[in-house]
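Open your viewer, switch on a cartoon view, and keep the selection tool handy. We will go from one pair of side chains to the strands around it, and then out to the whole chain.

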Amino acid sequence: MSAPASSPIPPALDQLRNQPKAGLGEVPGLLERLSQVPDPRDPRGVRHAVAVLLALTACAGLRALAVDGKSLRGAAKADGRKIHLLAATEHTTGLVLAQLDVGERTNDITRFQPLLDAVAELARVVVTADALHTQREHAAYLLGRQAHYIVIVKGNTKKLRGQLKSLPWKDIPLQGRVEGVGHGRAEIRRIKVATVNNLLFPGARQAILIKRRRTDRKTGKTAVKTVYAVTSLTAERAGPAQLALLIRGHWQVEALHHIRDTTSPATPPNCGPAMHPARWPPGAT
């Protein structure tokens, strides 16, 4: 039975088959090639680029969960305390599998493990998080549950960041380049990945460098940002294209949380942890 006409995947894959064959030394990265595929969908209501959806299909088997915290504007408890939530959100569907109120006497770091304790079947899942959660205890917890991680590395882990900066990145060839336009700016992302075995972080198997070049289309101003990350995924399990997709997926979840932040009602829903471990939706990848 053929797929419904509303599905963008079959016609997009047909477009991909018609792409000219690349010559020797001209093979583009996965996302670069997929970005050339025309989007057959009605632009109204489109949230994710078709290249991302196709790449997620290509990376089927890697389930990903983003851990991200946000303070809700305009929402407060009866005592006036602002609501700050920590949530575990599935990358591909945007489904929140677990969520809890951080509370005023604790923080996101101490609530990381209780949050994920509410998620069943974490084995082989890739958990993505920002630099706040680049904690050795978090990595050990995930490895203990047979999960993987991708975490951003910033100044709060100076020694680890120093190790990453000292890697011979100039000698490592570019392994992916993606261009995009949105929110009034043009962006170019370049990625390099190195296999490692001696980083100051439990289970780290690959180091990641992403260069983000953003140009404001109105002012013409350009900013370049270097992002470092580490992952427990081996090169055999996830190459540069898959890692770039997973990191981008985390950033998109952060963007969704920003929407929730700016549009949340004054009285938030129940923010407590799940009473029973939450399970993945049918068909989640």
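With which residue does Glu 179 form a salt bridge? Select Glu 179 together with Arg 177 and show their side chains: these two form the salt bridge, and their closest N and O atoms are 2.5 Å apart. Bear in mind as you look that this is a predicted model.

Now colour the pair by accessibility. Glu 179 is partly exposed, at 48% relative accessible area. Arg 177 is partly exposed as well, with a value of 26%.

**The hairpin**

Next, select residues 176-182, which are strand E6, and residues 185-195, which are strand E7. The two strands run antiparallel and are joined by 7 bridges. Follow Arg 177 across to E7 and you arrive at Arg 190, its bridge partner. Then move to the turn: E6 and E7 make a hairpin with 2 residues between them. Click on His 183 there and check its backbone, where phi is positive, at about 55°.

**On to the next strand**

Add residues 206-216, strand E8, to your selection. E7 pairs with E8 too, again in the antiparallel sense, over 11 bridges. A handy landmark is Ile 191, which stands opposite Ile 210 in E8.

**A charged network**

Which residues are linked with Glu 187 in a network of salt bridges? Select Arg 189, Arg 212 and Arg 214 along with Glu 187, and you have the network on screen.

Start with Glu 187 and Arg 189, whose closest N and O atoms lie 2.4 Å apart in their salt bridge. Both of these residues are buried, in contrast to the partly exposed Glu 179 and the partly exposed Arg 177.

Then turn to Glu 187 and Arg 212, which meet in a salt bridge at 3.7 Å, N to O. Because Glu 187 sits in strand E7 and Arg 212 in strand E8, this pair ties together parts that are 25 residues apart in sequence. Arg 212 is buried, as is Glu 187.

**Zooming out**

Finally, clear the selection and show the whole chain. How many helices and strands does the chain have? There are 7 helices and 9 strands. Of the 285 residues, 40% are buried, and the salt bridges come to 4.

If you draw a contact map, consider the contacts between residues at least 6 apart in sequence: 59% of them join residues at least 24 apart. For a last view, turn on the surface: the chain exposes about 15,600 Å², with 53% supplied by carbon and sulfur atoms.

Definitions and conventions:
Residues are numbered from 1 along each chain as its sequence is written. This is a predicted model: local features need pLDDT of at least 70, side-chain atom pairs count only at pLDDT 80 or more; totals for chains, interfaces and linings use all residues. Side-chain values use heavy atoms; hydrogens and water are left out. Two strands pair if DSSP finds at least two bridges between them. Helices (H or I, at least four residues) and strands (E, at least two) are DSSP runs, numbered from the N terminus. Buried means under 20% relative accessible area, exposed over 50%, partly exposed in between (1.4 Å probe, protein chains only). Contact means heavy atoms within 4.5 Å. Accessible areas come from the Shrake-Rupley method with a 1.4 Å probe; for residues, only the protein chains shown count as cover.
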